[in-house]
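Please examine the model below together with its sequence. The paragraphs that follow lead through its ligand sites and then through several features of the chain.

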Amino acid sequence: MRKINKIACIGAGYVGGPTMAVIAQRNPNIDVTVVDLNAIRIAAWNDADLTKLPIYEPGLDQIVAEARGRNLFFSTDVESAIDQADMIFISVNTPTKTYGKGKGQAADLKFIELCARQIARVATTDKIVVEKSTLPVRTAEALKSILHNTGNNVKFDILSNPEFLAEGTAVSDLQNPDRVLIGGESQEAIQALVNIYATWVPSERIITTNLWSSELSKLVANAFLAQRVSSINAISELCEVTGADVNEVAHAIGMDSRIGSKFLKASVGFGGSCFQKDILNLVYIAKSYGLQEVADYWEQVIIMNDHQKIRFADNIIKTLYNTVNGKNIAFLGWSFKKDTNDTRESAAIYVADHLLDEQATITVYDPKVTAEQIYADLDYLGTRTSEENRKLVKVVNDPYIACQDAHAIAVLTEWDAFKTYNWKLIYENMYKPAFVFDGRNLLDKKQLNEIGFQFYSIGQ
Ligand code: NAD
Ligand code: UDX
């Protein structure tokens, strides 16, 4: 049996950090070193003040406190971590390509390839290399080709072990996963990784497949999840014109055990770093095999999601008498979902951009997202100069100040705290008529109507 004493993980991001923290917590006899090129990120992981960890995830601070310095280490020394490890997880980012062939759809694998080349160059002992990043099906073939041609007699086994955690619930998802998926060719390597998870995951929930099924299953899981959100969002628009209520429809269909009740929450549109990127990647892969109908089918999930974001912004403009020029819109929430500070592909960014095009001014409050991040998100779009973004968008750290003198409030993230605000006080300090556009169906419609708000939600 192959015994793993040291693990290295390349990439200390939203996946690498929490995943390795839990592996280290559950396997105190294995040394786990998480490495990253980003020295600021590594310094934050090593910060004695646990509120400064680079990623906000409920419960993560306690796990880091327990394992860090014992058998969990964060470092910028990528080479020595590679050299010493028996098993290396690659958990680097795989964003959508922004250039060249496949621009806007294909996954950019340059970071993955750099890791493989670095492992090939540095390794002096046999390694199990684990794909933790989400990758196009058959990426392991390229990794094999790079790793097996080093000429230094080191034996590499490649496994695919995609991660299914969702942000905001990463710790509980890792502690109690629906399943762990391991794809590979060498039974010995597969078993070595099974043993690591088996310290806390019941064996019937650890499934093993061939490499390609494992790689593809990750893209397909995200595509199916995103498809549910786009499906219910499509129905939300139909509800709005027919008098049906999307919450009631979701409840009614979700009670059918074949459909299931989860992931049927209508919203301003899904965000996050994964859904859009992974579906675009799936579309690109299908096209590259000449499967145009398959590609078109999945692309529709993205088209629907883009429509939902713009529809939400357009409804604000239309309701505010067809102009938001010079009007103050308060944004409650900027992250792509509650309980995370991650803003990647957040619907808030695109709704803001659309309203700014119409010359609105926006004041944002989010409990976990910094002003720098919000401006960086808007600047990245390149729609207007960063001076203009700073002139039109204010970021405040008090929700009551955000809503003061607003013509309308838009709820973009479903943070629980928003439900507990003194809505009467907020109402008193706004321009009248005071509008609320609830992009998360979070607030109590009856209560807000009674206070005097003109209240709009999704699909009702
Ligand atoms: P991230 O951007 O938060 O982290 C990736 C890290 O890798 C960055 O800190 C970057 O500096 C580092 N990195 C890149 N190249 C490197 C190199 N050559 N050497 C050392 N460090 C390097 O990304 P993430 O959200 O953690 O996602 C990582 C992968 O996991 C992606 O493929 C993603 O699709 C997948 N995934 C993400 C989630 C999620 O919820 N975020 C869930 C499941 C799977
Ligand atoms: C997703 C997958 O759930 C996870 O398994 C994978 O590993 C990474 O991608 P994540 O993006 O972190 O996780 O969050 P998720 O809970 O899936 O939400 C994604 C987006 O969909 C969010 O913007 C969320 O608000 C939205 N959503 C989700 C809805 O609008 N309605 C729903 O019913 C569920």
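In this predicted model, the side chain of Ser267 places an N or O atom 2.6 Å from an oxygen atom of ligand 2. Of the area of 660 Å² that ligand 2 has accessible on its own, the protein covers 90%. Backbone atoms also approach this ligand: a polar backbone atom of Glu167 lies 2.7 Å from one of its oxygen atoms, and a backbone N or O atom of Leu264 is 3.4 Å from an oxygen atom of ligand 2. The shell around ligand 2 holds 20 residues, of which Phe164, Leu165, Glu167, Ser267 and Arg440 come nearest. By class, this shell comprises 11 nonpolar, three polar and six charged residues. Helix H9 (residues 211–242) supplies the largest share of the shell, with four residues.

Glu167 also belongs to the surroundings of the other ligand. An N or O atom in the side chain of Glu167 is 2.7 Å from a nitrogen atom of ligand 1, whereas ligand 2 is approached by a polar backbone atom of Glu167. Two further side chains reach oxygen atoms of ligand 1: that of Thr94 has an N or O atom at 2.6 Å, and that of Lys277 likewise has an N or O atom at 2.6 Å. The protein covers 92% of the 830 Å² of accessible area that ligand 1 has on its own. Ligand 1 is surrounded by 25 residues, the closest being Asp36, Arg41, Thr94, Glu167 and Lys277. Its shell divides into nine nonpolar, nine polar and seven charged residues.

The loop between helix H10 (246–254) and helix H11 (275–288) contains Phe263. Although Phe263 is not a glycine, its phi is positive, at about 60°. Phe263 counts as partly exposed because its relative accessibility is 39%, between the limits of 20% and 50%. A positive phi, of about 45°, is also found at Asn441, which is not a glycine either. Asn441 lies in the loop between S13 and helix H18 (445–451). Its relative accessible area is 12%, so Asn441 is buried. On the other side of strand S13 (435–438), the loop that follows helix H17 (423–428) contains Pro433. The peptide bond joining Lys432 and Pro433 is cis, with omega about -5°.

Where does Arg384 lie, and which residues does its side chain meet? Arg384 is in the loop between helix H14 (371–381) and helix H15 (386–392). This arginine is buried, because its relative accessible area is 12%. Its side chain makes a polar contact of 3.0 Å with the side chain of Asp353, and another polar contact, also of 3.0 Å, joins it to the side chain of Asp357. Beyond neighbours within four places in sequence, Arg384 is in contact with Asp353, Leu356, Asp357, Asn389 and Leu392.

Helix H5 (residues 110–122) allows a check of helix geometry. With 13 residues at 1.5 Å a residue, H5 should span 18 Å; the C-alpha atoms at its ends are 18 Å apart, so the model agrees with the expected value. Buried residues in H5 are Ile112, Cys115, Ala116, Gln118, Ile119, Ala120 and Val122. The cover over these buried residues includes the strands S1 (6–10), S4 (87–90), S5 (127–131) and S6 (156–160). It also includes helix H4 (78–84) and helix H6 (139–147).

Key. Residues are numbered from 1 along each chain as its sequence is written. Chains are lettered from A and ligands numbered from 1 in the order in which they are written. This is a predicted model: local features need pLDDT of at least 70, side-chain atom pairs count only at pLDDT 80 or more; totals for chains, interfaces and linings use all residues. Side-chain values use heavy atoms; hydrogens and water are left out. A residue is near a molecule or strand if one of its heavy atoms lies within 4 Å of it. A polar contact is a pair of N or O atoms within 3.5 Å; within protein, one must be able to donate a hydrogen and the other to accept it, and residues adjacent in sequence count only if both atoms are side-chain atoms. Accessible areas come from the Shrake-Rupley method with a 1.4 Å probe; for residues, only the protein chains shown count as cover. Ala, Val, Leu, Ile, Met, Phe, Trp, Tyr, Cys and Pro count as nonpolar, Asp, Glu, Lys and Arg as charged, and the others, Gly among them, as polar. Helices (H or I, at least four residues) and strands (E, at least two) are DSSP runs, numbered from the N terminus. Buried means under 20% relative accessible area, exposed over 50%, partly exposed in between (1.4 Å probe, protein chains only). Contact means heavy atoms within 4.5 Å. The expected span of a helix is 1.5 Å times one less than its number of residues.
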